[in-house]
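Let's take a walk through this structure together, going from its pocket to its helices, rings and strands. Have the sequence and the coordinates open beside you as you read.

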Amino acid sequence: MLATTFLLLLVQGLIQYPQQAGDGLDEATLERMQQRAEYLNQQMTHLMQELEQNNLGHSGVAWGALLMWQFWAVTGILILLLVLWFACHKIRRDPGNSGYKEKSSSNLAEEEEEGHKAIAKKEIESDDANVEEDNKDGNEDGSNVDAKAESNAGNEAKEGCDDAKEEVNNDEKGEEVSAAGNEEDKHDANEEDDGHHVKRSLGSLLEERIQLPVLDLDRGCSIVTDLMDKLTHIFGQGLFNSFYPVPQQAIGVGSAFEGWSPRAQDAVYCVLVPLSPPPGHAFHLELDTAGVLPRKCCVRVELLCTCTKEQLGEDMLCFLHHSEEELRRKQDPSLLHTVCTDSYLDVEKTVHWFYRFVRVAWLLLPQSHHWRLTLQPSSRSCKFQLSKDQESFMVEVIFGVRQGDSDIFVGSQPTEAGISSTTWLETYAVAEAKFFRHISRQAPHDSWHCKCLQLLSRILMGVGFSSYALKTVVMHLLNTVPVTQQGRRDFLQRLVNTLKYLRCSLETKQLNHFVIGNERFPTEISLPSDFRAAEAPNLFQHLASNPDAHMKAMQEYVQLLHQLKQMLIHNR
């Protein structure tokens, strides 16, 4: 409890400090700030108590201590920055304040440096206190380390993450009740405006402090979409009398089209191009022996009878009822003889064919007069770079075959080495991209989720943790938190909720897939009939079966907290 006591004293001292400079803070404002600080400390204390109750095997106590001091450090920094910002804001807003007239930029810099020193001192003392607490807890809880049964991991994950979601709603309700109580006590319009501004200021403060790179993703998405539309049009004209797959309008997927990217300058613009069968052909997704479509499947190509079209005068011979010699002399070869292997659509042959066509089609596009196209080597997707002057965009085209009329595809996206070229992987990228657009239409224009994803995924680039797991956590929260509570003023609370949800999932080795088995998934996004009622796959299943991988994931999570703390302290 030494860290807790020190943190409260530090916050109280900072709150009281501006009064000595003559900023004119009244007792009501001080009380609101103290209540907010106590509220955040209570939340973090609750987090730490949960952490201690969910020991990770024999090393649970050690991890609890590590995560405890990391959470205290990060939260302490956030509170300190908010208090410093509010104090300076009050001083600047009061024109009759003598402290405002005498305060110079050099003094502000000195105060900030002193704040950093106080933070460093708090971290050291907090670390020492937690070492002592770790030793104490090790003696008290050593006999209970093995109390968890692995068979209950799934239920614990669900309950723990449900608790996290419930706390999101409870936290917001508590804040609304508190805000309502304060509203009744307010009689001055300026005080009411200040109370509202304090709550909204933290998002701007964090953005300012962390200095996230400015992303102009909209321009890149617009350029890439326009290019793909023109390419698709040329494909339609050039393949009119051939029997290659027919590309449909490209669909923007992935982080750039969802509104966030861990990279500032080298974002990858990924598009999925749906493929339709040419005339006289049909695509069939191969089912397994149980009659279920597996996550990895093959696309079987079937020839169809076109004798009826031939009788109607269409210039096409039926592949089934004409001799091979006649077909060879009068008609282009069927799809089975171009981009297939043993009657199955071949990913690598399809990509190679698309590369060849892009080289020719590029010369017909108006963009070729101003932009330079550089093709990149890839076996399961088509990658190329568009560059002009100082601008550069990396584009990745993956191909997909739609499941029925849903937004779920089997795609050609790159995967682990050794996979067969006729294997296509189920992809949920289109459904997820539509979910982000669904949220953007309803959420405030300054919604937290893109900034949160950009911040944490940027840190994860140097950690090695899966950015898709982080994205899944954020999507679960977006599907739980009301859209009215997703603005900039809620950034801190949402950031804490994201870290807590991620920690909960790591501890229980359970993170449910967001699309499969999610009954709350928006109905406006089309899914196969059995998706919502299916059992959700566990994205952390490999952690449950591999203790070394689980330990590594926990280490990466601690490193994530450490990197976040460094960004808050050192502005980087």
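Which helix gives the most to the lining of the largest pocket? Before answering, please keep in mind that this is a predicted model. The answer is H9, which gives four residues to that lining.

Let's stay with the pocket for a moment. The largest pocket holds about 1,100 Å³ of space. Its lining is made up of 35 residues, and those closest to the centre are Gly-254, Gln-413, Ala-429, Tyr-468 and Lys-471. Several elements give two or more residues to this lining: the helices are H9 (254-258), H13 (429-442), H14 (449-460) and H15 (467-478), and the strands are S3 (268-276), S11 (391-402) and S13 (424-427). As for the character of the lining, 18 of its residues are nonpolar, eight are polar and nine are charged.

Two of these helices deserve a closer look, and H13 comes up now. With 14 residues at 1.5 Å a residue, H13 should span 20 Å, and its end C-alpha atoms are indeed 20 Å apart, so the expected and modelled spans agree. The buried residues of H13 are Ala-429, Val-430, Ala-431, Glu-432, Ala-433, Phe-435, Phe-436, His-438 and Ile-439. You have met Ala-429 already, as one of the residues closest to the centre of the largest pocket.

H14 passes the same kind of check: its 12 residues should span 16 Å at 1.5 Å a residue, and its end C-alpha atoms lie 16 Å apart, which agrees. This helix is mostly covered, with 10 of its 12 residues buried. Among them are His-449, Cys-450, Cys-452 and Leu-453, as well as Ile-459 and Leu-460.

From H13 we can follow a ring outwards. Of the 15 aromatic pairs in the structure, one joins Phe-435 and Phe-521 in a stacked arrangement, with 6.1 Å from centre to centre and 25 degrees between the planes. This pair links distant parts of the chain, since Phe-435 sits in helix H13 while Phe-521 is in the loop between H16 and H17, 86 residues apart. Both partners are buried. Elsewhere, ring pairs join Phe-235, Tyr-244, Trp-353, Phe-354, Phe-357 and Phe-399 into a cluster.

The loop between H16 and H17 has another residue to show us. Lys-509 lies in the loop between helix H16 (491-508) and helix H17 (541-545). Its phi is near 60 degrees, a positive value in a residue other than glycine. Most residues other than glycine have a negative phi. Is Lys-509 buried or exposed? Lys-509 counts as buried because its relative accessibility is 15%, below the 20% cut-off.

Ser-343 makes a good companion to Lys-509. Ser-343 also has a positive phi, of about 70 degrees, although it is not a glycine. Its place is in the loop between strand S7 (340-341) and strand S8 (344-345). With a relative accessible area of 37%, Ser-343 is partly exposed.

Let's finish with a pair of strands. S9 (residues 372-376) and S10 (residues 382-388) pair in the antiparallel sense over five bridges. Together S9 and S10 form a hairpin, with five residues between them. To find your bearings in the hairpin, look for Leu-373, which stands opposite Leu-386 in S10.

Technical notes. Residues numbered from 1 in each chain as written. Predicted model: local features only at pLDDT ≥ 70, side-chain atom pairs only at ≥ 80, totals over all residues. Heavy atoms only, no water. Buried < 20%, exposed > 50% of the residue type's maximum accessible area, 1.4 Å probe, protein only. 1 Å grid on protein atoms, 1.4 Å probe; cavity = no way out; pocket = protein on both sides within 12 Å on 5 of 7 lines; lining within 4 Å. Points joined across faces, edges and corners; volume = space filled by probe spheres on them. Nonpolar A, V, L, I, M, F, W, Y, C, P; charged D, E, K, R; others polar. Expected span 1.5 Å × (residues − 1). Phe/Tyr/Trp six-rings, centres within 6.5 Å; stacked < 30°, edge-to-face > 60°. Pairing = 2+ DSSP bridges.
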